Each structure stands twice: as C-alpha cells, then as structure tokens.
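User: I'm new to this. Could you show me how to read cavities and surface patches in a protein model?

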Amino acid sequence: MTYRAPLDDFRLLLNHIVGFDSVSKTARFEDATSETVEAILSEAAKMCEEVLTPLNRNGDLDPAVLENGKVRSSNGFAEGYKAIAEGGWVAVSADPEFGGMGLPLTVTTAVNDMMVSSNMALHLNPLMTQGQIEALEHHASDELKALYLPKLVTGEWAGTMNLTEPQAGSDVGALSSKAEPNGDGTYAITGQKIFISWGDNDFTENVCHLVLARLPDGVAGTKGISLFLVPRNIPDADGKPGEANSLKVVSVEHKMGIHGSPTCVMSFEGARGWLVGSKHDGMRTMFTMMNNARLGVAVQGVGIAERAYQQALAYANERKQGRTAEGSIIGHADVRRMLASMKADTFAARAIALSVAVALDMANATGDAEWQARAAFLTPIAKAFGTDTGIEVANTGLQVHGGMGFIEETGAAQYVRDVRVTAIYEGTNGIQAMDLVGRKLMDGGEAAYKLLDEIEAFAEGARATMPDLAGPVWQASENLRETTEALVAREVSDRFAVAVPFLRGFARVLGGYFHLAAAMAKPDGAEAKLAAFYIKRLLPEHLGLLAHAREGADDLMGISPDDLAV
C-alpha cells in the first residue's frame, strides 16, 4: 500500500489550468515563484511518501483511545506529527510575522492533498490548527495573537473547533453552552461539545479550543453566539502551558473510519476562556475557520480518491484473471472503465478545489470583490463534489479488488470507511447544495454567470483545434446557464428540493472545462485521452442532473410522510 505523490498533476494544474500564475504575480505572493513552489511540493511529497504513509495502517488497526482521562494516540503518530511540525507543514500559509511561510493557500491545499492521501487521520490534526491560525489572524486581539500564534505555527500547540452539541447538530443556533464574565476580561465557559476532531493528543504541549458559547445577554439563535479561545492548559506568565483548565475529554467515539483521529466528547466546566472577535459575533468569526475547513475537507475527498485509485491501479496491474493482452485484469474493459472514471473524477475534483484556493489567494492579495464572490460560489461545489468523488472512487476501488476488496487485509476497505464522514462533517453535502442555491445565488446568479462566460469563451477558443471536445463543453455550459436562470427566477425555498442535482450538474460542467484545458495543454499526452473519456462519457450526466434540477419542489414535497411509511 505505497503512495506516490501526484506531482505531475499539480504541475499541470498550477501552471496551465487554475491560474496560479496570477497569484504569483501579485505583490503579496511574489515570492511564490515556480521554483519555490516546486521545491516545497517536492519536499512535502517526500515527507508524505516516506514518513506518513507507513503510519496510515497503524491508525486504522491501533485506534486512538482514552486512558485515565487522556488521549493515547496511535502507534507512530507522535513521530509522524513531529515530522509535520518540524517541516513547517502546519503553517505553510501562516503570517511570517508569527513564523509562518506566508505562501499562498493554493500551496497549502496541494500539500494537504498529499498529506491526506498518506494519512488522513493524522492530517486532521494540523488541518484543524491551520483553520484556527487563520481565524486568530483575522479576529483575535493583538495579545492573543502574540501569545498563541507562534506556538500554533510551530506545531508546539494544536487547535480544535468546538461547534456541535448533542441537541444542536447543524443547527448551531440551538447550542446551550454558556459563557459567564469572570470580571477580569476572561470568561467561564460551561457546556458539552461533541464530534471534536483531535480534542486531545499526547504529542503537543497544549491543545487550544475555539468554542462557541452564549453570553448572558446573548439573544437566541446564531446572532447571540460568541467565540472563545479555551486552552487545555492555561499559559503562565512566560507563555508556557501552566495549570490545567476546567475541561476534559468525556469519551472518544468509536467510529466507522479514521480510527487514528480521536473524535472527542468535550466537557467545559467553568473553563477559563478569552473572547475572540466581538461579542455576539461568534458565528461570523468562526466561519473563517469553517470555510478554511470546508476547503480542507474537499481536499480530504480528493486525497483519499487519489490513494484509492493508486492502490486499485496497482492491484489491477498485478491481478491475473482471464485472458487479456496485458496479462492482468487491467485488460478487461470494465476494469479499464472503472480506473478511467476514478482518475478522471479525481482530476476534476482536484482542479475545482485548487480553483477555490486560487480565488481565495487572489481575493486576499487584491481585495477584489469578484475574486471573493468566485471563491464563495465555488466552495460548496468543491466540498460536496470533492467528498462525493472521494466516496465514489474509494468504493469503485474496492470493486476493482473484487472479493479481495472486502477483505480488510488488502486495505481497500479502509479508504471507504475513512472517507465516508467527509460528506457529513463541516456541513453535510445537502447543506452545501442549499448554500449554493440559496446564499450563493442571492446575487441574481452573477457569480455563476461569470464562471459560465469563462467556460464558454474558453470552449469557443478551443473549437479550432479540438472541436469534438470543445463543442460538448460549450453546450453543457449553455444548458447549465438555462437551468441557473430558471432557479434564480424561483423562490429560494423551491430551490432547496433540487439543490443537490444542481450542484452536481455544475460540478460536472466544471470538470469538463478543466479536462478540456488539460487536453489543450497536453494535446499529445494521456491528459487528452482522459479528457475525451470524461467529456464523452461522464459529462453527459449533467443532462439528467439538470433535468432533475428544473423539476422544482411540488412533486417532491407532495410525497407525504404517510406515503413514505413502511
């Protein structure tokens, strides 16, 4: 179960497809030259292949457990985390003022992609810290930044995100955690949080929790929530972890997958915390970390898809069954179809995720509202399609293995189990789709139409050299435009019934665009053959998806609960 980082794909995408050259031309990111990025990605690949990959199976077979109130991590994870922290991989994009590299988020996204492929369970730890770093950079006081950011950046301390409560899942506004002023500028945080990834570990000096809670004068719902930084150990006068705070890990969940990542139930019992941002503005403040995490979770889907594909490809090349010219099952048409589908969709999902990162980098570098709108529009598509792709590719990879895929020793089942949660956490994919057709179309479809204009202009330019591929992409974009116009004309509540097929259809068309761009960049390479496979065989799925999206809500909501009864 080896892993080889897909550096060639990153080179193609960054240099020819997602517009990373625009990022490196900005004053903010002028140091992110092609040579620098190549060196960073090559070094990260080496760490992932040689250090993290061998630990992946350990995390599955030797889960994190709670012992005497403390989390014991999987065998080898402490050493793996040390390699991540000492290599600077926690803080590739963090502010250099606090010790970060200051490189574009696009570079972090590529590095995270490789870390997920090599060890998703362990990667969740630095992913949470990356999100906390960004939230503190944007919203914390200067005092909190000075104390916490240098430690988080070096990986000496780790960060978490505490939103969900037993009675309040995706409905965060229903939380009951309370924050009482202590009279000295700090607050006493009381409540229970569930599903906290890496709520504790045994290899960092401190664990810093970002916790949503309600002040005494906070109104009901999300508008009355505030955000607090609550460390496991309260820093002393020298900034070192001191006395234990009044919080604990109640239990570690027994999960379907990512066994090496402790998913904790956390209890805060008058724990001392510091306000981050303004009072009653916690949801907006936390959204900085949540949006960071949504792109990170999109990449989790892509990273697992890559790993599952590589293992399925290796097995197909080795497994002998039936007579084929290749002497293995890769010569069978259906196996070839599965592998081509896996590779094509992984490429499309990776391209969408990197496009989000580029848009975020351009927004941060320029302050341009159009880049901000593009990033906001693409984020739910990247998260939902990336994770759906991870699930589908992992499942197909198991199918390529045949009966051996159902046997745990091959490791194919681990990818299916590990990736399944990605469509659920950081906002279920249904919620992502509702966000897309709701808030992201509140501009009358402007951001969507700009993307479609870009696709159609590119496809029109490609007609001269690749008419068989450019034509279908142009037509698919036009079909998507008509459906978008129909949705914009409806009430938002009516859009929710068709949100998922609309998002999936949009992703399919984006995938066609990026595959066409790959074919144009490498007309004589395997990229053009894979693009033809995607555009001719997978892109047509958008027609059925958009037909579903145009149907509206009446017939669906006309099916009553009684009609669904068994």
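Analyst: Let's go through the cavities and then a surface patch, keeping in mind that this is a predicted model.

User: How many cavities of 30 Å³ or more are there?

Analyst: A cavity is a spot where a probe fits but cannot get out. Here the count comes to two cavities of 30 Å³ or more. The largest has a volume of about 40 Å³, and the second largest holds about 30 Å³ of space.

User: Which residues line the largest cavity?

Analyst: Look for Phe-10, Thr-109, Ala-110, Asp-113, Val-299, Val-302, Arg-350, Ala-353 and Leu-354. The elements giving two or more residues to that lining are α6 (105-139), α8 (282-318) and α9 (333-366). Sorted by class, you get six nonpolar, one polar and two charged residues.

User: And what lines the second largest cavity?

Analyst: That lining is made of Asp-9, Glu-306, Tyr-309, Lys-343, Thr-346, Phe-347 and Arg-350. Both α8 and α9 supply at least two residues each, with α9 giving the most, four residues. By class, the second largest cavity has two nonpolar, one polar and four charged lining residues.

User: Okay, now the outside. Which residues make the nonpolar surface patch?

Analyst: Leu-556, Met-557, Ile-559 and Leu-564 make a nonpolar patch of about 440 Å². Take Met-557, which sits in helix α19 (residues 554-557).

User: Why does Met-557 count as exposed?

Analyst: Exposed means over 50% relative accessible area. Met-557 counts as exposed because its relative accessibility is 63%.

Technical notes
Residues are numbered from 1 along each chain as its sequence is written. This is a predicted model: local features need pLDDT of at least 70, side-chain atom pairs count only at pLDDT 80 or more; totals for chains, interfaces and linings use all residues. Side-chain values use heavy atoms; hydrogens and water are left out. Patches are made of residues with over 30% relative accessible area and no salt bridge: like charges are joined within 9 Å, nonpolar side chains (Val, Leu, Ile, Met, Phe, Trp, Tyr) within 5 Å. Accessible areas come from the Shrake-Rupley method with a 1.4 Å probe; for residues, only the protein chains shown count as cover. A salt bridge is a side-chain nitrogen of Lys or Arg within 4 Å of a carboxyl oxygen of Asp or Glu. Buried means under 20% relative accessible area, exposed over 50%, partly exposed in between (1.4 Å probe, protein chains only). On a 1 Å grid over the protein atoms alone, a cavity is a set of points where a 1.4 Å probe fits but cannot get out, and a pocket is an open set with protein on both sides within 12 Å along at least five of seven lines; lining residues have an atom within 4 Å of a point. Grid points are joined across faces, edges and corners, and a volume is the space filled by probe spheres set on the points. Ala, Val, Leu, Ile, Met, Phe, Trp, Tyr, Cys and Pro count as nonpolar, Asp, Glu, Lys and Arg as charged, and the others, Gly among them, as polar.
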